[in-house]
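Work through the following exercises with the structure open beside you, and try each task before you read its solution.

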Amino acid sequence: MQLASKTYDANDISAVQELYHSSGWTDGLPIVPPTADAVQACLEWAMMPPDQLIGIEPVRGLAITAEKLAINAVMAGCLPMHFPVVVTAWMAMMQDEFLMHGATASTGGCAVLVVLNGPIRLELGANGTFNALGNSDRATAVIGRAVRLCLINLMDVRPGVIDRSTLGHPGKYSYCLAEDEEDSSWLPLHEQRGVERAASAVTVMAAGAPRQIMNEWTTKPEEILETFAAEMRANLRHYSIHPGNYALIIPKQLREHLQAAGWTKTDIATFIHERARIHRREWAEVGKGAVVRDRGDSVYPAMESPDQLLVIAAGGPAGGFGAVIPPWLGNKSHAVTLPLGVCIDCEPPK
Amino acid sequence: MTFRVLDPTTEKAPPAGRLAPRLDTLEGKTIGFISNGKEGTKGFFKHLDQMLREEYGVAKVVSRTKSNYSAPADKHIVDEIKGWDAVVSGLGD
């Protein structure tokens, strides 16, 4: 397998690190040296020739090849088995409706949230329980990091270059989680969004930082979900009134109350759609009176329709916590779910 | 131990646009404004419009606003550009 990328020789591991840091090719953390052997192993696992075109970035017309994704995936710490997930995430990000350029260049400073569903989670050891939104496991850590390193190196999404984020958030290092499908009676996210349950899938969303909520003092679904809705109303007041994809992360303790009462993800989304909305005049209460103008009575829902809510079962078994993950900027970017490619009778690349 | 490692960037430059020929003068020209629609663009373009007409003799200013300030200009705006002599694309942040 012949790789096309330019090569550099470095005398030792420290020299590799300095080469990549000084060239602006990292996120500030050490990288795994992307040697030809390691990159070829990723490509072989995914059965992709190096020059396979994964997509064309829609705004600047940049060609994204399997080889370049693999180099960045290795740097992030990916093993070959992680690589197909990185490829699928990038295919999803390059769909027009994701608006990758806008989402990654914006002063709004969002990150790409990557959600894993289906059998691939178990194959990779991706953990959807303890510390689901933090450093929960190797697979989600390196996949999320690979998505960011690819943005840095393939699209120049570097701070102050294409990345114009005012603040950003910690998810820009890595923002990947797996749904806890085994410990939930709900439809998994990918099935809810039209992919066969038996398939593995990747969902990407241009996402703000998680906003954690707590309500350990009720078992009633309406009261539990009111706390989530209130956090969404806070986001509408304090951040942006644009409606779009929000994600709710619901760990086991709260999930069990909802499931015991027979509430499905669709029921949750319908309730949240009704409750997570504000009047424009509320902006005057949080210092934004100047933009209320004569539209104080206008009502702004967090989502245009219930199906814009991504309800995800994840988190450790104890604690009445949950999280609201807001969109970057409403409908400007839409979440995209794609199944992982399955190749029948494929020949490995030469 | 020596490492031979690979370049993680695209290396090749993106498809390059070419600069349109520069104008010798603004006098009598048609200038297009493409605003991203943010709050700060209003005063900026209003002032620029006045300045171009009064101080530089621009014949006509055409103002257009993108429907989505985070996305490229809409096709109907891009299609109009060929009728203009120059474009000012403004940010409102």
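The bounds of a domain, as the word is used here, come from an automatic or database domain assignment. The model itself is predicted.

**Exercise 1. Domains of chain A**

Task: Find which domains chain A is given, and describe how domain 1 of chain A touches domain 2 of chain A.

Solution: Begin with the bounds, since the domain assignment of chain A gives domain 1 as residues 1–208 and domain 2 as residues 210–326. Next, take the C-alpha centres of domain 1 of chain A and domain 2 of chain A, which lie 28 Å apart. Then turn to the contact, where 22 residues of domain 1 of chain A meet 19 residues of domain 2 of chain A. On the side of domain 1 of chain A that touches domain 2 of chain A, the elements that give two or more residues are strand E4 (111–117), helix H8 (189–192) and strand E6 (201–207) of chain A. The largest share of that side, three residues, is supplied by E6(A). Finally, sorting that side of domain 1 of chain A by class gives eleven nonpolar, eight polar and three charged residues.

**Exercise 2. The sheet that holds E6(A)**

Task: Work out the order of the strands in the sheet that contains E6 of chain A, and find which helices pack on this sheet.

Solution: The open sheet has four strands, which follow one another in the order E5-E4-E6-E13 (chain A), with mixed pairing. At its edges are strand E5 (176–178) and strand E13 (336–339) of chain A, each of which pairs on one side only. Neighbouring strands of this sheet are turned against each other by 20° on average, direction ignored. Looking at one pair in detail, E6(A) and E13(A) are antiparallel and pair over four bridges, and A:Val202 stands opposite A:Leu338 in E13(A). Helix H4 (residues 83–93) of chain A packs on the sheet and touches E4, E6 and E13 of chain A, its direction making about 50° with that of E6(A). H7(A) also packs on the sheet, where it touches E4 and E5 of chain A, and its direction makes about 140° with that of E5(A).

**Exercise 3. The sheet that holds E7(A)**

Task: Name the edge strands of the sheet ordered E7-E12-E8-E11 (chain A), and describe how E7(A) is joined to E12 of chain A.

Solution: This open sheet is made of four strands, and its pairing is mixed. The edge strands, each pairing on one side only, are strand E7 (211–214) and strand E11 (309–313) of chain A. From one strand to the next, the twist averages 20°. E7(A) is joined by four bridges to strand E12 (residues 321–325) of chain A, and these two strands run antiparallel. Within this pair, A:Gln212 has A:Ala323 in E12(A) as its bridge partner.

**Exercise 4. Two helix pairs**

Task: Decide how H2(A) and H4(A) are oriented to each other, and then do likewise for H9(A) and H11(A).

Solution: For the pair H2(A) and H4(A), the packing angle is about 75° and the axes are 9 Å apart. Angles of 65 to 115 degrees count as roughly perpendicular, and H2(A) and H4(A) are therefore roughly perpendicular to each other. The residues that meet are A:Cys42, A:Trp45 and A:Ala46 in H2(A) with A:Phe83, A:Pro84 and A:Val87 in H4(A). By class, this contact has six nonpolar, no polar and no charged residues.

For the second pair, the axes of helix H9 (residues 221–238) and helix H11 (residues 265–275) of chain A come within 10 Å and cross at roughly 55°. That angle makes H9(A) oblique to H11(A). The crossing of H9(A) and H11(A) is right-handed. In this contact, A:Glu222, A:Leu225, A:Glu226, A:Phe228 and A:Ala229 in H9(A) meet A:Ile268, A:Phe271, A:Ile272 and A:Arg275 in H11(A). These residues divide into six nonpolar, no polar and three charged.

**Exercise 5. Where chain A meets chain B**

Task: Describe the contact between chain A and chain B, and find how E1(A) is joined to E1 of chain B.

Solution: The contact takes 32 residues from chain A and 18 residues from chain B. Strand E1 (7–10), helix H2 (36–46), helix H3 (66–76) and helix H7 (138–155) of chain A each supply at least two residues of the side of chain A that touches chain B. That side of chain A divides into 16 nonpolar, ten polar and six charged residues. Four bridges join E1(A) to strand E1 (residues 3–6) of chain B, and the two strands run antiparallel. A:Thr7 stands opposite B:Leu6 in E1(B).

Key. Residues are numbered from 1 along each chain as its sequence is written. Chains are lettered from A and ligands numbered from 1 in the order in which they are written. This is a predicted model: local features need pLDDT of at least 70, side-chain atom pairs count only at pLDDT 80 or more; totals for chains, interfaces and linings use all residues. Two strands pair if DSSP finds at least two bridges between them. Axes are lines fitted to C-alpha atoms, for helices over the stretch in contact, and angles run from 0 to 180 degrees between N-to-C directions. Two residues are in contact if their C-beta atoms, placed from the backbone, lie within 7 Å. Ala, Val, Leu, Ile, Met, Phe, Trp, Tyr, Cys and Pro count as nonpolar, Asp, Glu, Lys and Arg as charged, and the others, Gly among them, as polar. Angles under 35 degrees count as roughly parallel, over 145 as roughly antiparallel, 65 to 115 as roughly perpendicular and the rest as oblique. A crossing is left-handed if the near helix is turned anticlockwise from the far one by less than a right angle, and right-handed if clockwise.
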